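The following note is offered to a colleague who is meeting this structure for the first time. The points are numbered for ease of reference.

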Amino acid sequence: MAPRSRASVCIVGAGFGGIGLGIRLKQAGIDSFTIVERAEGVGGVWRDNVYPGLTCDVPSHLYSFSFEPKHDWSRRFPKRDEILGYLEECVDRYGLEDHLRLGTEVAGADFDEEAGRWRIRTADGAEHEVDVLVTATGQLSRPARPPIPGLDQFAGPCFHSARWDHEVELEGKRVAAVGVGASAVQYVPEIAPEAEQVTVFQRSPNWVIPKPDRPYRPRQRALFRRFPRIQAVSRAWVWARLELFILAFTRFQPLGRFYQWTCERRLRREVPDPELRAKLIPDYPLGCKRVLISNDWYATLQRPNVSLVEQPIAEVRGDQLITADGAAHPADVLILGTGFATLEFLAPMEVRGLGGRDLNEAWRDGAEAYLGLAVSGFPNMFMLYGPNTNLGAGSIVYMLESQINYVVEAVRALERERASWMDVRREVQSAFNEDIQTRLADSVWTAGCTSWYRTESGKVTNNWPGFTLEYRRRTRQPELADYVLES
Ligand code: NAP
C-alpha cells in the first residue's frame, strides 16, 4: 500500500466537538476533512434544545474555546441563542461551511483492513471512504422516553424537553412536568407563571447550588476586548473553582460534605415548609447525581399553582397521570424532562472494526475506551466526549480541547510515521480502564444513587475520575508505544 500523503478525516457531528476539531485541523494545515451532521444546522445540543429558560451551567469564559475567545458575552451564564450564535460565528470565521455536509446522517462505518480505511455509510445509502473517523456525537443527544404504560396514548400534546414544541400553547393549561434534572429546573420556573397549574413529578430530588449569574457591563466587555489577558484570568479562576468541586467528588470528600452543608442551610432558609423541604433533601451525597444550579427552583415549587408529586407514575390514562398510590393527576400538556440515552454512546450508528467486530458488542458490559478516545480493534477511530470523559463539574469544552489536540496530533503521527493505521493496544486500554474504575469506585458517583453516569450493573461509564488538568496532561500527545502502527 502506498504511504498516505494527506489523511482524510470524517468528523461525525457539528456540535462543539466537531466545530472545534474542524478549526484546529484547519489551523494545523489539514484541510482534508468533512464534518457530517444529520441535522440541517450546526450547534449540537445548543441547536436541538430550545426549551424556555435554557442557559449554560458553566460560565461562558470557560464554556467557549480558549483559541476563539469571545469578549462580549452578555452575561456570565449566557442563554442558548448566544451560545449557538457563537458556534455559528466560529463556522463562519474559519470557513468551515465548505467542509460541512448537513442533513446527512451516518448510519454506520466499517473498517476495511486491506485498504486501511473506514467505509462510512450514510442513511441515504451512500458510501464514502476516509482514513480517519472521528465521532463527535456527544453524550446527551438522544432523548430518553420513559417506558410508562399508556404514555403514547396521552390525550394532549406530549413532548421531550430536548424537542420542545413551541406551537403548544401553555397559557392557562394544566401541565404535567416529568423529571427534575438540569433541564427541568430551567424550564419549570419559566412556564409556571403562565400555566394554570404545573404538576412536577419527581422520582428523586437533587442537590441545588445557587447560580452566581450577572450581566457583563459594557465597560467590562470593553476591558476584555482591550486586555484579553484579563478574560484569560477570569477563565482560569472559573476553571480552578470547578477543579475544587472535582476534588470534593473524588479524592477529598469532606469538602463535598461542606458544600452539601451549605446546600442544606440554603434549603432551610428558602423552604420553610418542613413537609416540602423533606421532599427536596436527597438521600445521597452531593455530586452523586449531577448537581443543579438554580436561583429560582425552590421558589417555583412554592408557587400556589405548582405541586410536587413524589409518587412514581404507574400509567397514563387519557389525560391523567396515575401514580402508584392510585391518585389521578389530570393534565392538558405533558412534558418529559426525562434525560437522555447516555450509556449507548455512538448508537444508533453501527461501527465495525478489525475482523468485523461490532462496537456495540464490544461494549456489551458498558462502554470503555483508552482516554475516552480510542478503542482497541477500531483503528484510526477517535471519539470526542467518549466514555469516561464527562465531568461532575467543569467545562466539557475544556475536555474537548484536550481531545481535539490529541486527534490532531494522531493525524500528524499517522502522516509522519507513514502508517496506514494506528490501533490502541488492548493491554493499554485494559490497564487504563482498571485504573480509572478503581478510582471511580472511591468517588461520590458510586455512593448510593442511580444516575446517567452509571450502567445498571454499577459501572461508571461516563465520568472522568480526576482533575481536568490530569486529563489535559495525559492527552497532550499520543504515545506511539500505546498503539500498534500498521504501515
Ligand atoms: P437528567 O438529568 O437525566 O434528568 C432526568 C430526570 O427525569 C430525572 O429527574 C429523572 O429521575 C427523571 N426521570 C426519568 N425517567 C423517569 C420516570 N419514568 N418517571 C419519573 N421521572 C423520571 O436529564 P436533563 O435534565 O435533561 O439533564 C441531562 C444533562 O444534560 C444534565 O445532567 C447536564 O449535564 C446537561 N444539561 C446541561 C444544561 C446546562 O448546562 N444548562 C441544561 C440541561 C441539561 P431520577 O433522577 O430519579 O432518575
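**Charged pairs and overall fold**

1. Arg317 is partly exposed, because its relative accessibility is 48%. Its salt-bridge partner is Glu315, with N and O 2.9 Å apart. Glu315 also counts as partly exposed, at 27% relative accessibility. The model is a predicted one.

2. A second pair joins Asp81 and Arg80, whose side chains form a salt bridge of 2.8 Å from N to O. Is each partner buried or exposed? Asp81 is exposed at 54% relative accessibility, whereas Arg80 is buried at 15%.

3. Glu129 and Arg119 also form a salt bridge, with 3.8 Å between their closest N and O atoms. Glu129 belongs to strand β6 (residues 127–130) and Arg119 to strand β5 (residues 117–122), so this pair ties together parts 10 residues apart in sequence. Glu129 is partly exposed at 39% relative accessibility, and Arg119 is partly exposed at 28%. Both residues belong to a salt-bridge network that also includes Asp112, Arg117 and Asp131.

4. The count of salt bridges comes to 31. The protein carries 59 positive and 64 negative charges, and the mean positions of the two sets lie 8 Å apart.

5. The protein contains 13 helices and 21 strands. Its radius of gyration is 23 Å, close to the 23 Å given by the globule rule for 487 residues, so the protein is as compact as a globular protein of that length. The C-alpha trace spans about 70 × 55 × 45 Å along its principal axes.

6. Of the 487 residues, 56% are buried. The protein exposes about 20,900 Å², of which carbon and sulfur atoms supply 49%.

How values were computed. Residues are numbered from 1 along each chain as its sequence is written. This is a predicted model: local features need pLDDT of at least 70, side-chain atom pairs count only at pLDDT 80 or more; totals for chains, interfaces and linings use all residues. Side-chain values use heavy atoms; hydrogens and water are left out. Helices (H or I, at least four residues) and strands (E, at least two) are DSSP runs, numbered from the N terminus. The radius of gyration is taken over C-alpha atoms; the globule rule is 2.2 Å times the number of residues to the power 0.38. Buried means under 20% relative accessible area, exposed over 50%, partly exposed in between (1.4 Å probe, protein chains only). Accessible areas come from the Shrake-Rupley method with a 1.4 Å probe; for residues, only the protein chains shown count as cover. Lys and Arg count as positive and Asp and Glu as negative; His and the chain ends are not counted. The place of a charge is taken as NZ of Lys, CZ of Arg, CG of Asp or CD of Glu. A salt bridge is a side-chain nitrogen of Lys or Arg within 4 Å of a carboxyl oxygen of Asp or Glu.
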